[in-house]
Amino acid sequence: QVTLVESGGGLVQAGGSLRVSCAASGRTVSTYAMGWFRQAPGKEREFVAAITRDAAFTYYADSVRGRFTISRDNAKNTLYLQMNSLKPEDTAVYFCAAGNPVGSSNYYRMRNNYYYWGQGTQVTVSS
């Protein structure tokens, strides 16, 4: 069992930066790939970024590539998402997740491949 707790969300102006974190407890998260997803009001939860267990590979949604950076510190059982050049359309609740997608990058983008989820943290970008 893994418990995930996100933090670091808040209100930021367009063009600004924010870093959200995800602290994991329970089973060692270094055995899991991890990802960030987000959900805006009235929309489905969508993939943002993912990172393999050993941090050798990262994957991004086209909408955030070049602006967001996912990283992890397995010694601290913590996942990060650095968000730069934020846009109003980035406004959403951000969720971290842990799982074991295997194969091509497409598998890392699928919600069903993640077993554990945090409760989410709100990120609001004002124009």
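The exercises below, each with a worked solution, concern a predicted model of one protein chain.

**Exercise 1. Overall form**

Describe the make-up of the chain and decide how its radius of gyration compares with the globule rule.

Solution. Begin with the elements: the chain has one helix and 11 strands. Read from the N terminus, they follow the order β-β-β-β-β-β-β-β-β-α-β-β. Next, take the radius of gyration, which is 13 Å; the globule rule gives 14 Å for 127 residues, so the chain is as compact as a globular protein of that length. The C-alpha trace spans about 40 × 25 × 25 Å along its principal axes. As to burial, 44% of the 127 residues count as buried. Finally, consider contacts between residues at least 6 apart in sequence: 59% of them join residues at least 24 apart.

**Exercise 2. The four-stranded sheet**

Find the strand order of the open sheet of four strands and name its edge strands.

Solution. The order is β1-β3-β8-β7, and the pairing is antiparallel. The edge strands, each pairing on one side only, are β1 (2-7) and β7 (68-73). On average, neighbouring strands in this sheet are turned by 15° against each other, direction ignored. One pairing can be followed in detail: β1 and β3 (residues 18-26) are joined by six bridges in the antiparallel sense. Within β3, A24 is the bridge partner of L4.

**Exercise 3. The surroundings of strand β9**

Establish whether β9 (residues 92-99) is mostly covered or uncovered, and trace its pairing with β4, β10 and β11.

Solution. Start with burial: seven of the eight residues of β9 are buried, and the strand is mostly covered. Then take the pairings in turn.

- With β4, β9 pairs in the antiparallel sense over seven bridges; G99 in β9 is the bridge partner of A33.
- With β10, β9 shares three bridges, and the two strands run antiparallel; here G99 has Y114 of β10 as its bridge partner.
- With β11 (residues 121-126), β9 also runs antiparallel, joined by three bridges; A92 stands opposite V123 in β11.

G99 therefore appears in two of these steps, as the partner of A33 and of Y114.

**Exercise 4. Aromatic pairs**

Classify the ring pairs Y32-Y116 and Y114-W117, and place the residues of the former pair in the chain.

Solution. A search of the whole structure finds eight aromatic pairs. For Y32 and Y116, the ring centres are 5.7 Å apart and the planes stand at 85°; an angle over 60 degrees counts as edge-to-face, so this pair belongs to that class. Y32 lies in the loop between β3 and β4 (33-39), whereas Y116 lies in β10 (residues 114-117), so the pair ties together parts 84 residues apart in sequence. Both Y32 and Y116 are buried.

For Y114 and W117, the centres are 6.3 Å apart and the planes are at 65°, so this pair is edge-to-face too. Y114 has 4% relative accessibility and therefore counts as buried, while W117, at 27%, is partly exposed. Ring pairs also link Y114 and W117 with F37 and F47 in a cluster.

**Exercise 5. A charge over rings**

Over which rings does the charged end of R45 sit?

Solution. Check each ring against the cut-off of 6 Å from the ring centre. The charged end of R45 is 3.6 Å from the centre of the F95 ring and sits over it. The charged end of R45 also sits over the ring of W117, at 5.1 Å from its centre. W117 belongs as well to the cluster of Exercise 4.

Key. Residues numbered from 1 in each chain as written. Predicted model: local features only at pLDDT ≥ 70, side-chain atom pairs only at ≥ 80, totals over all residues. Heavy atoms only, no water. Pairing = 2+ DSSP bridges. Axes fitted to C-alpha atoms, helices over the stretch in contact; angles between N-to-C directions. Phe/Tyr/Trp six-rings, centres within 6.5 Å; stacked < 30°, edge-to-face > 60°. Buried < 20%, exposed > 50% of the residue type's maximum accessible area, 1.4 Å probe, protein only. Lys NZ or Arg CZ within 6 Å of the ring centre and 35° of its normal. Rg over C-alpha atoms; globule rule 2.2 N^0.38 Å. Contact = heavy atoms within 4.5 Å.
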